[in-house]
Amino acid sequence: MTQFEIVQVVAVVGWLVLAVSAFAAHGLNWKTSLRHALIWAVIITGLMLLVTMIR
């Protein structure tokens, strides 16, 4: 790994920690939020595959 890749990994981990801490601070329901995140992931993936097939 180069220095730039290490910096990118550290930055991604930092953003993940920030997002999880903000999520926990609001006291949201983990099960419902995970379900919604998976639904959005499926929708976005489906749209990306559709656009790829059209091209």
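In the predicted model, residue L50 is located in helix α2, which spans residues 30-54. The relative accessibility of L50 is 45%, and this residue is therefore classed as partly exposed, given that the partly exposed class lies between the limits of 20% and 50%. L50 also belongs to a nonpolar patch on the surface, in which it is joined by I39, W40, I43, I44, L47, M48 and I54. Taken together, the residues of this patch present about 840 Å² of accessible area.

With regard to the chain as a whole, the secondary structure consists of two helices, and the number of strands is zero. The radius of gyration of the protein chain is 16 Å, whereas a value near 10 Å would be expected for a compact globule of 55 residues. Along the principal axes, the C-alpha atoms occupy a box of roughly 40 × 35 × 10 Å. Burial was examined in the same way for the 55 residues of the protein chain, of which 2% count as buried. The area exposed by the protein chain amounts to about 5,300 Å², and 76% of this area is supplied by carbon and sulfur atoms.

Aromatic contacts were also considered, and a search of the whole structure returned one aromatic pair. This pair is formed by F23 and W30, with the ring centres 4.4 Å apart and an angle of 65° between the planes. The arrangement of F23 and W30 is accordingly described as edge-to-face, a class that applies to planes over 60 degrees apart.

Conventions
Residues numbered from 1 in each chain as written. Predicted model: local features only at pLDDT ≥ 70, side-chain atom pairs only at ≥ 80, totals over all residues. Heavy atoms only, no water. Phe/Tyr/Trp six-rings, centres within 6.5 Å; stacked < 30°, edge-to-face > 60°. Helix = DSSP H or I, 4+ residues; strand = E, 2+ residues; numbered from the N terminus. Rg over C-alpha atoms; globule rule 2.2 N^0.38 Å. Buried < 20%, exposed > 50% of the residue type's maximum accessible area, 1.4 Å probe, protein only. Areas by Shrake-Rupley, 256 points an atom, 1.4 Å probe, with all protein chains shown as cover. Patch = residues over 30% accessible without salt bridge, like charges linked within 9 Å, V, L, I, M, F, W, Y side chains within 5 Å. Salt bridge = Lys/Arg side-chain N within 4 Å of Asp/Glu carboxyl O.
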